[in-house]
Amino acid sequence: MDRWNRYIIYPLLAIVVCFLFNGCGVKYGFTGGSIPENMKTVHVAYFENIAPMVYQTLGQNFTEGLKERIRNQSRLSQVNGEADAMFEGVITGYDIAPAAVEANTDRAALNRLTITVKVKYTNRLDETGESNFEQSFSQFREFSGLIQSQEENLTKEIINLLTEDIYNRAFANW
């Protein structure tokens, strides 16, 4: 009887348990988030750079970065003008500040580039307005040396982080 349990009953029991857990699972995914089923279109307005310190292509790069994030992670169609979801805003900060100072000198050993964006999101399908928001988002990257040789890559990285935060706030309720 012990042999019967070991070779037949236990494996059968294990298979049944696997089927039970497999059939009752919850599937998680990060594509699409919690975009309402009836939401079909999105409009991303141009984000003007009004920061005191200006990086020439930042407005265009950020706007295109947010459009690309939405295009790659949702099923929404991008339109010009009125849409079910609307993003608009301005770039309010582009700052470089020392993050660490070298010992025995006043020179910065490490600098920090910070970009701040003020975003207004409107879900025109939400009659309560609870999903709408107006919020500032900031992200930074630290670097050593001169900014000029690293600026393009640093801004790309920061834009990627910012658009992820904005997308998650609008569609994943994070």
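Let me begin at one point in the sheet: Ile 91 stands opposite Val 117 in strand 5. Strands and helices here are DSSP runs, numbered from the N terminus, with at least two residues (E) for a strand and at least four (H or I) for a helix. Before going further, I should state that this is a predicted model, in which local features need pLDDT of at least 70 and side-chain atom pairs count only at pLDDT 80 or more, while totals for chains, interfaces and linings use all residues. Residues are numbered from 1 along each chain as its sequence is written, and side-chain values use heavy atoms, with hydrogens and water left out.

I turn now to the strands. Strand 4 and strand 5 pair in the antiparallel sense over 15 bridges; two strands are said to pair if DSSP finds at least two bridges between them. The hairpin of these two strands has 6 residues between them, and Asn 104 there takes a positive phi near 65°. Strand 5 also runs antiparallel to strand 6, and 11 bridges join the two. Within that pairing, Thr 116 stands opposite Ser 138 in strand 6.

One residue of strand 6 (residues 133–143) deserves a short stop, namely Ser 136. At 45% relative accessibility, Ser 136 counts as partly exposed. On this scale, buried means under 20% relative accessible area, exposed means over 50%, and partly exposed lies in between, with a 1.4 Å probe and protein chains only. Leaving out residues up to four places away in sequence, Ser 136 touches Thr 116, Val 117 and Lys 118, where contact means heavy atoms within 4.5 Å. The C-alpha atoms of Ser 136 and Val 90 are separated by 9.5 Å, and these two residues are 46 apart along the chain.

Next, the interior. In soluble globular proteins, nonpolar side chains tend to be buried together. Which residues have the most contacts inside the largest nonpolar core? They are Phe 62, Phe 87 and Phe 171, in a core of 33 residues. By nonpolar core I mean a set of buried Ala, Val, Leu, Ile, Met, Phe, Trp, Tyr and Cys residues joined through side-chain atoms within 4.5 Å. Strand 1 (41–44), helix 2 (58–73), strand 4, strand 5, strand 6 and helix 3 (151–172) each supply at least two residues of this core. Helix 3 gives the most, with 8 residues. As for Phe 62, its contacts beyond four places in sequence are Phe 47, Ile 91, Val 117, Ile 159, Leu 162, Thr 163 and Ile 166. The two residues with which I opened, Ile 91 and Val 117, are thus named again among the contacts of Phe 62.

That brings me to the aromatic rings. The structure holds 8 aromatic pairs. Rings of Phe, Tyr and Trp (its six-membered ring) pair if their centres lie within 6.5 Å; planes under 30 degrees apart count as stacked, over 60 as edge-to-face, and the rest as tilted. The rings of Phe 87 and Tyr 121 have their centres 4.9 Å apart and their planes at 45°, so this pair is tilted. Phe 87 lies in strand 4 (residues 85–101) and Tyr 121 in strand 5 (residues 108–123), so the pair ties together parts that are 34 residues apart in sequence. Both Phe 87 and Tyr 121 are buried.

A second pair, Phe 133 with Phe 137, is edge-to-face, at 6.1 Å centre to centre and 70° between the planes. Phe 133 is buried at 7% relative accessibility, and Phe 137 is buried with a relative accessible area of 7%. Ring pairs link Phe 87, Tyr 121, Phe 133, Phe 137, Tyr 167 and Phe 171 into a cluster.

Finally, the charged side chains. There are 6 salt bridges in the structure, each being a side-chain nitrogen of Lys or Arg within 4 Å of a carboxyl oxygen of Asp or Glu. In one of them, Lys 118 meets Glu 134, with the closest N and O atoms 3.6 Å apart. Lys 118 lies in strand 5 and Glu 134 in strand 6, so this salt bridge ties together parts that are 16 residues apart in sequence. Lys 118 is partly exposed at 35% relative accessibility, whereas Glu 134 is exposed at 52%.

Another salt bridge joins Glu 157 and Arg 141, at 3.2 Å from N to O. Here Glu 157 belongs to helix 3 and Arg 141 to strand 6.
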